Amino acid sequence: MKLTSLVPEAQSRFRDAARIELGKGGLWTHRLRGGPLLLSCTSGSVWITREGAPDDVVLEAGASYGGAGRGLLVVEALEPAQIAVDAGGAGKALRAALERARGSWLVLLSLAALYLVWGSTYLAVSVALETLPPFLLAGVRFVTAGALLYGVLRLRGVPRPTLRQWGAAAKVGVLLLVGGNGLVVVSQQWVSSGVAAVVVSTMPLWLALFTAVRAARGGAPGPRGAPEVSRGEWVGLLVGFAGAALLHLGGDLHAEHAGALLIVLAPVAWALGSLYSRTTPLPDGPMAVAAEMLSGGAVMLGISALAGEQLAAAPSSRSLLALAYLVVFGSIVGLSAYTFLLRNTRPAIATSYAYVNPIVAIALGIALGGERASAATWAAAAIIGAGVVIVSRARH
């Protein structure tokens, strides 16, 4: 029997993977030194024995042998065969499996945070507005949350954003927080938390529309050219916007102050910010969230000063507790989860919170906030949710 060993070129690649051809009776040997090894028989059949092992193993085509230990491993071809050897393969496979499991749990936890936490922030905003003016409330919320997150990240050794990254974070922060969140807070002076959540739930529809327009203009060309909006997407958009129109026709957006209608622009700004954040050079990981909150919060404090907002009296304990909840959960937890989902899942998954939040917000508003939801509000929530689902399935 002829001893078959790896040629120098194969030996240089052995740390990743190697394929060895063996004639009938050919041998391949390898000295195990404690690390993991994965050996697969891709054709033919081989006999395997290991120094110190009690049993021999015969592998047919498609079977594998893996493990870790020390000693001489001997492989003999019972017929012309090919084997694939990956030193460290078992360990890499385990690490890959653990990474996939970790990613799945992070996705699930992030979705839970968006569904439950963001659904509850509408009621928290209503409570905080009892004794705090809107832009001061939003500015303090995001500057505090951004400073806390930024400080923790810097203590952990995360590098500070570059000037270019600060500029990108400021643009996204203005769109998401000043336009998307700030307009919601201002409007909630006259609009119930449930109605606010229903209006904001149109965001995925705007995102789908803006994505399609951007692609049609060549902003995101694919391998087949710029895609057009499909018939299913148009149906979903029309259904979703019909639900938004029902809020107007049903009187749920009627208020004594015209500022209540500003909430209609909030999902538009949020959709633009979400779209822009996917291509702009933001800092990595949670640092992007910290930079966006610091930038957006600073702008809102500036608006508060220019608008002459003042405290009529000392904030109530209810408002301060609501503000603390918004800082920790609504901002740090919620925005971190949303940013993670935007960068690691499809947009349809990341924005799926939009048709869960209204139900949570309406239920909490009725149970804890003494609010009342009309039939038009419930119907609009259901119609908008159906439109979002249709768009998501059509795009998928």
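## A partly exposed arginine and its partner

Arginine 318 has a relative accessibility of 46%, so this residue counts as partly exposed. In this predicted model, the side chain of arginine 318 meets that of glutamate 130 in a salt bridge, with a nitrogen-to-oxygen distance of 2.7 Å. Because arginine 318 belongs to helix H10 and glutamate 130 to the loop between H2 and H3, the pair ties together parts that lie 188 residues apart in sequence.

Glutamate 130 likewise counts as partly exposed, because its relative accessibility is 45%. Side chains of opposite charge can pair when their charged atoms come close. The structure holds 1 salt bridge.

## Overall architecture

The protein contains 13 helices and 7 strands. Of its 396 residues, 47% are buried. The exposed area is about 19600 Å², and carbon and sulfur atoms supply 63% of that area.

Contacts that link distant parts of the sequence feature in the fold. Among contacts between residues at least 6 apart in sequence, 83% join residues at least 24 apart.

## Helix H9 and its buried residues

Helix H9 covers residues 286-306, a run of 21 residues. From first C-alpha to last, H9 reaches 30 Å, close to the 30 Å expected at 1.5 Å a residue. Just after H9, glycine 308 adopts a positive phi of about 75°.

Many positions in H9 are listed as buried, among them Met287, Val289, Glu292, Met293, Gly296, Met300 and Ser304. An α-helix has 3.6 residues a turn, so residues three or four places apart point the same way. The buried residues of H9 pack against helix H3 (134-155), helix H4 (163-187) and helix H10 (317-344).

## Glutamate 292

Which residues surround the acidic side chain of glutamate 292, apart from those up to four places away in sequence? Glutamate 292 is located in helix H9, and it counts as buried because its relative accessibility is 4%. Leaving aside residues up to four places away in sequence, glutamate 292 touches Ala169, Val172, Gly173, Leu176, Leu177 and Leu282.

## The nonpolar cores

The largest nonpolar core comprises 55 residues. The residues with the most contacts inside this core are Trp118, Leu137, Trp270, Met293, Leu335 and Tyr338. At least two residues of the core come from each of helix H2 (89-128), H3, H4, helix H6 (203-216), helix H8 (266-277), H9 and H10.

Leucine 335 touches Trp118, Phe142, Leu177, Trp270, Val289, Met293 and Gly330, with residues up to four places away in sequence not counted. A second core, separate from the one above, has 18 residues and includes Val46, Leu59, Tyr65 and Ile83.

## Proline 358 in helix H12

Is proline 358 buried or exposed? With a relative accessibility of 3%, proline 358 counts as buried. The residue lies in helix H12, which spans residues 357-367.

Beyond residues up to four places away in sequence, proline 358 touches Ala197, Val198, Ser201, Tyr353 and Ala381. Alanine 382 is 24 residues from proline 358 along the chain, and the C-alpha atoms of the two are separated by 9.3 Å.

How values were computed. Residues numbered from 1 in each chain as written. Predicted model: local features only at pLDDT ≥ 70, side-chain atom pairs only at ≥ 80, totals over all residues. Heavy atoms only, no water. Helix = DSSP H or I, 4+ residues; strand = E, 2+ residues; numbered from the N terminus. Buried < 20%, exposed > 50% of the residue type's maximum accessible area, 1.4 Å probe, protein only. Contact = heavy atoms within 4.5 Å. Areas by Shrake-Rupley, 256 points an atom, 1.4 Å probe, with all protein chains shown as cover. Expected span 1.5 Å × (residues − 1). Core = buried A, V, L, I, M, F, W, Y, C linked by side-chain atoms within 4.5 Å. Salt bridge = Lys/Arg side-chain N within 4 Å of Asp/Glu carboxyl O.
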